[in-house]
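Biologist: Before we discuss any labels, could you put the model on the screen, so that I can ask how each label is earned?

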Amino acid sequence: MTASPYSTMTKRADFVAANAGLRVARPGFVLLAKANGGQGMRVGITVTKKIGNAVVRNRMKRRFRALLREMLPEHGLADTDHVLIGRENGVERDFTALRTELLAALGRAQAGKGDPPRSHRGRKRGPGGKGGNATGSPRATKS
């Protein structure tokens, strides 16, 4: 067995740092890519509970690991953290479609062409960022 050309990220701080990097959204996943200052090629996978139960999430992570094993040695960015975030229809997508999407996403990241920053639609936060009405209390009062 040969050594892997990349290492796996495990610390939350690394994932949070990658979130500040380049973002390339595709139907099956979102790729985050951020230079890591000479730490080599690193990989992280994240799939939230919104996607499904543990069986579904683990299946998606296995598919992503297989994709990364196949694609990153040749197409990955050197000294960069790559994070794949699973999207809802990523489990049902054809594996060849995911492969094509990952190749396109890596190409865009290589060219420095990320998607525009996400809008914060649907996030209604009052003063202090906790939500609630204009007075900051959690419930609106009737007069």
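Modeller: What follows is a set of questions about the terms used for this structure, which is a predicted model.

Biologist: How many helices and strands does the chain have, and in which order do they come?

Modeller: The chain has 3 helices and 5 strands, and from the N terminus on the elements run β-α-β-β-β-α-β-α. Buried residues make up 33% of its 143 residues.

Biologist: What makes R42 a buried residue?

Modeller: The relative accessible area of R42 is 12%, and buried means under 20%, so R42 counts as buried. R42 lies in strand β4, and because 4 of the 5 residues of β4 are buried, this strand is largely enclosed by the rest of the structure.

Biologist: Why is S4 called partly exposed?

Modeller: For S4 the relative accessible area is 47%, and since partly exposed covers what lies between under 20% and over 50%, S4 is therefore partly exposed. S4 belongs to the segment before β1, and its C-alpha atom is separated by 10.0 Å from that of M41, 37 residues apart along the chain.

Biologist: Which side chain does R42 join through a polar contact, and what makes the pair count as one?

Modeller: The partner is D14, and the contact between the two side chains is 3.5 Å; the cut-off for a polar contact is within 3.5 Å, so the value meets that limit. Leaving aside neighbours within four places in sequence, R42 is in contact with several residues, including S7, M9, N36 and H82.

Biologist: How do you know that β4 pairs with β5?

Modeller: Two strands pair if there are at least two bridges between them, and β4 and β5 (residues 80–86) have 5 bridges, in the parallel sense, so the condition is met. Within this pairing R42 stands opposite D81 in β5. The chain crosses from β4 through α2 to β5, and this β-α-β crossover is left-handed.

Biologist: And what makes β1 a partner of β4?

Modeller: Strand β1 (residues 7–8) and β4 share 2 bridges, and at least two are required, so these strands also pair, again in the parallel sense. Here T8 stands opposite V43 in β4.

Biologist: Why is the pair of F29 and F64 called edge-to-face?

Modeller: The structure holds 1 aromatic pair. The ring centres of F29 and F64 are 6.1 Å apart and their planes stand at 85°; rings pair if their centres lie within 6.5 Å, and planes over 60 degrees apart count as edge-to-face, so this pair earns the name. Because F29 lies in strand β3 and F64 in helix α2, the pair ties together parts that are 35 residues apart in sequence. Both F29 and F64 are buried.

Biologist: Which residues touch the most other members of the largest nonpolar core, and which elements supply it?

Modeller: That core has 24 residues, and those touching the most other members are F29, L31, F64, L68, L72, L84 and L102. At least two residues each come from β3 (29–35), β4 (42–46), α2 (54–75) and α3 (95–110), with α2 giving the largest share, 6 residues. Not counting residues up to four places away in sequence, L84 touches F29, F64, L68 and L102, among others. Apart from this core lies another, of 5 residues, among them M9, A18, V30 and L32.

Note on methods: Residues are numbered from 1 along each chain as its sequence is written. This is a predicted model: local features need pLDDT of at least 70, side-chain atom pairs count only at pLDDT 80 or more; totals for chains, interfaces and linings use all residues. Side-chain values use heavy atoms; hydrogens and water are left out. A nonpolar core is a set of buried Ala, Val, Leu, Ile, Met, Phe, Trp, Tyr and Cys residues joined through side-chain atoms within 4.5 Å. Buried means under 20% relative accessible area, exposed over 50%, partly exposed in between (1.4 Å probe, protein chains only). Contact means heavy atoms within 4.5 Å. A crossover is right-handed if, with the strands pointing away from the viewer, the path from the first strand over the helix to the second runs clockwise. Rings of Phe, Tyr and Trp (its six-membered ring) pair if their centres lie within 6.5 Å; planes under 30 degrees apart count as stacked, over 60 as edge-to-face and the rest as tilted. A polar contact is a pair of N or O atoms within 3.5 Å; within protein, one must be able to donate a hydrogen and the other to accept it, and residues adjacent in sequence count only if both atoms are side-chain atoms.
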